[in-house]
Amino acid sequence: MGKPTGFLEYARCEDVTIPEDERILNYNEFHICLDPEKRKQQGARCMNCGVPMCQSAIRLKGMVTGCPLHNLIPEWNDEIYHDHIPHALSRLLKTSNFPEFTGRVCPALCEKACICGISDAPVTIHNNELYLIETAFARGLMKPRIPKIRSGKKVAVIGSGPSGLAVADQLNHRGHSVTVYEREDRIGGLLMYGIPNMKLQKEVIERRKKLMEEEGVVFKTGVNVGVENLSDTKKTAATGAEESAVTAKELLKKYDAIALCCGAKKARPLGVKGFEKVKGVHYAVDFLKSTTKSLLDSELKEGTFISAKEKRVVIVGGGDTGNDCLATCIRHGCRSVVQLEMMPEPPKERRADNPWPEWPKVLKTDYGQQEAINKYGSDPRIYETTVKELITKGDKLVGIKTVKVQFKDGKLCEVPGTEEELKCDLLLIAAGFVGCEEYTANAFGVKLTQRGVVETLLPDYKTNVNKVFTAGDMHRGQSLVVWAIAEGRECAREIDEYLMGYSNM
């Protein structure tokens with residue numbers, strides 16, 4: 001504990017946020033790190049608790065608080081205070097493969113469990129982590145760690161999202177030869193095409209890719225593994241015509257182990273009959289991908305993305321993906337935007353039955369909602385409401401009919417007489433996901449659960465097929481980036497044990 005009185009002397013101070021009316025003019029990240037002296041003060045606020053709940057990942061009432069990676073948070077907070085960046089970095093990298101990702105997009109489960117937060121504001125763990133890794137890159141401390149000895153074992157990782165990257169990173173450093181297959185034209189999975197640039201600029205992913213390649217990982221993009229089980233029509237619709245296909249049989253023959261890390265991108269459909277045939281209705285991930293890809297390819301100049309410009313937008317879903325759609329629509333220049341949420345509005349403060357260190361079930365106004373409030377003058381969210389009917393002119397969407405809903409005896413029920421009509425030119429479905437896209441799993445012959453994810457004997461990561469493993473959202477269902485990385489690390493250890501008969505990971 002570098003400064004025993006630090007939590008008494010210094011107030012919580014977060015990174016500077018660029019004002020809403022300025023940041024919506026571009027797609028850049030909009031947080032500015034504190035200067036080193038102020039960051040040292042934030043590190044000094046850490047109390048170095050005897051039982052640091054921040055790194056516990058404890059499950060209470062079905063929800064987790066504390067870091068799933070079990071990051072050694074008090075240790076590197078202390079080193080940040082003393083400006084021992086190399087030492088702090090060594091402690092951070094011991095448990096975390098990609099702090100530059102989690103430092104940007106993680107909802108900071110660690111901070112929700114910070115003991116300092118019982119009677120004061122929690123330590124800025126999230127900002128401290130990002131400062132540490134970005135300082136390390138800036139100072140040239142993030143150098144390739146090339147294995148001195150190779151095991152002679154070859155591993156294929158299918159999918160380059162956070163879980164796949166973690167599997168690859170761990171096994172490569174162990175000395176195995178790793179090839180990562182990605183069906184998109186760029187690596188990253190939802191990091192690349194699901195999370196918008198404002199939260200995670202894609203240069204950050206490319207920087208990590210370059211480092212991993214220097215360390216020996218091979219990336220093959222535009223390769224759709226298992227695509228032989230798709231019709232020609234679906235091949236083109238899934239990823240574009242320029243991809244190549246690799247069969248599961250080929251990979252099983254070529255590699256000593258396979259890790260399936262394809263995510264859980266099968267979107268939950270809108271509960272309205274025939275919505276797929278209506279022009280103006282899109283899934284959120286398709287919408288977000290189209291913007292990011294166009295932004296990277298041509299700075300949006302080629303005009304092939306799904307545009308919200310001058311449109312009246314309705315977003316179904318109040319989670320992170322819905323919020324990302326909201327922020328993207330505002331940057332497109334939408335005429336108006338509404339966000340529908342089936343659940344009741346959360347309380348603004350903790351209820352008595354939701355004490356620390358449980359996950360705080362309180363109202364969160366995220367960056368997209370803040371921007372909407374600033375631009376349009378009101379919160380865009382409408383609670384306990386869903387879409388009942390689409391109003392069309394020919395096959396084109398012109399409006400929607402909404403209805404209030406309530407949960408009764410665990411079932412979602414409509415409230416009679418609450419129907420309303422909203423004008424709508426663009427409807428975005430951000431209602432969550434229902435599992436993985438089955439074709440890759442089917443190609444390898446692995447079993448799926450009723451939830452649409454790959455079945456394993458928990459807590460193991462090995463599937464019912466010899467030498468085939470799984471991790472991340474494809475294994476646990478749609479979740480957080482930090483959980484995907486944690487699963488990737490555990491899966492890598494299990495693969496290593498399978499290959500070598502033991503593991504020191």
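**Local features of the predicted model**

The place of E384 is in the loop between β14 (381-383) and β15 (385-393), and the description that follows, like this statement, refers to a predicted model. Phi of E384 is near 50°, a positive value in a residue other than glycine, and E384 is partly exposed, its relative accessible area being 28%. T385, in contrast, belongs to strand β15 and, at a relative accessibility of 5%, counts as buried. When residues up to four places away in sequence are not counted, T385 touches L340, E341, M342, T402, V403, K404 and V405. With K404, the side chain of T385 also forms a polar contact of 3.2 Å.

M342, one of the residues touched by T385, takes part together with M343, F407 and L412 in a nonpolar surface patch of about 360 Å². Within this group, M343 is placed in the loop between β13 (336-341) and α16 (367-376), where M343 is partly exposed with a relative accessible area of 41%. Because membership of such a patch requires over 30% relative accessible area, the value of 41% for M343 satisfies that part of the criterion. P357 is found in the loop between β13 and α16 as well, and the peptide bond that joins W356 and P357 is cis, with omega at about 5°.

A cis peptide bond also joins L458 and P459, again with omega at about 5°, and P459 lies in the loop between α17 (438-444) and β20 (468-470). Most residues other than glycine have a negative phi, and most peptide bonds are trans. Against that background, L300 has a phi near 70°, a positive value in a residue other than glycine. L300 is found in the loop between α14 (284-298) and β12 (312-316) and is buried, with a relative accessible area of 18%.

Towards the N-terminal part of the chain, the buried residues of helix α3 (residues 36-44) are R39, Q42, G43 and A44. An α-helix has 3.6 residues a turn, so residues three or four places apart point the same way. The buried residues of α3 pack against α1 (6-9), α4 (73-81) and α8 (125-138). The N-terminal end of α3 is capped by D35, a side-chain oxygen of which lies 3.1 Å from the backbone nitrogen of E37. In α4, against which the buried residues of α3 pack, the buried positions are I73, P74, W76, N77, E79 and I80. These buried residues of α4 are covered by elements that include α3, α5 (85-93), α7 (109-112) and α8. Helix α4 is followed by D83, whose phi is positive and near 60°.

Among the cysteines, C54 is buried, with a relative accessible area of 9%, whereas C413 counts as partly exposed at 28% relative accessibility. The closest cysteine sulfur to that of C54 is in C46, at 6.3 Å, and this separation is too far for a bond, because a disulfide requires a pair of cysteine sulfur atoms within 2.5 Å. By this rule, the count of disulfides in the model comes to zero.

E487 lies in helix α19 (residues 481-500) and is buried, with a relative accessible area of 6%. A polar atom of the E487 side chain is placed 2.9 Å from the backbone nitrogen of G472. Leaving aside neighbours within four places in sequence, the residues in contact with E487 are Y461, A471, G472, H475 and R476, so that G472 appears both in this list and in the polar pairing with the E487 side chain, given that contact means heavy atoms within 4.5 Å.

K249, by comparison, lies in helix α13 (residues 248-254) and is exposed, with a relative accessible area of 72%. Although K249 and F444 are 195 residues apart in sequence, the C-alpha to C-alpha distance that separates them in space is 7.6 Å.

Notes: Residues numbered from 1 in each chain as written. Predicted model: local features only at pLDDT ≥ 70, side-chain atom pairs only at ≥ 80, totals over all residues. Heavy atoms only, no water. Patch = residues over 30% accessible without salt bridge, like charges linked within 9 Å, V, L, I, M, F, W, Y side chains within 5 Å. Areas by Shrake-Rupley, 256 points an atom, 1.4 Å probe, with all protein chains shown as cover. Salt bridge = Lys/Arg side-chain N within 4 Å of Asp/Glu carboxyl O. Helix = DSSP H or I, 4+ residues; strand = E, 2+ residues; numbered from the N terminus. Buried < 20%, exposed > 50% of the residue type's maximum accessible area, 1.4 Å probe, protein only. Polar contact = N/O pair within 3.5 Å; in protein donor to acceptor, adjacent residues only side chain to side chain.
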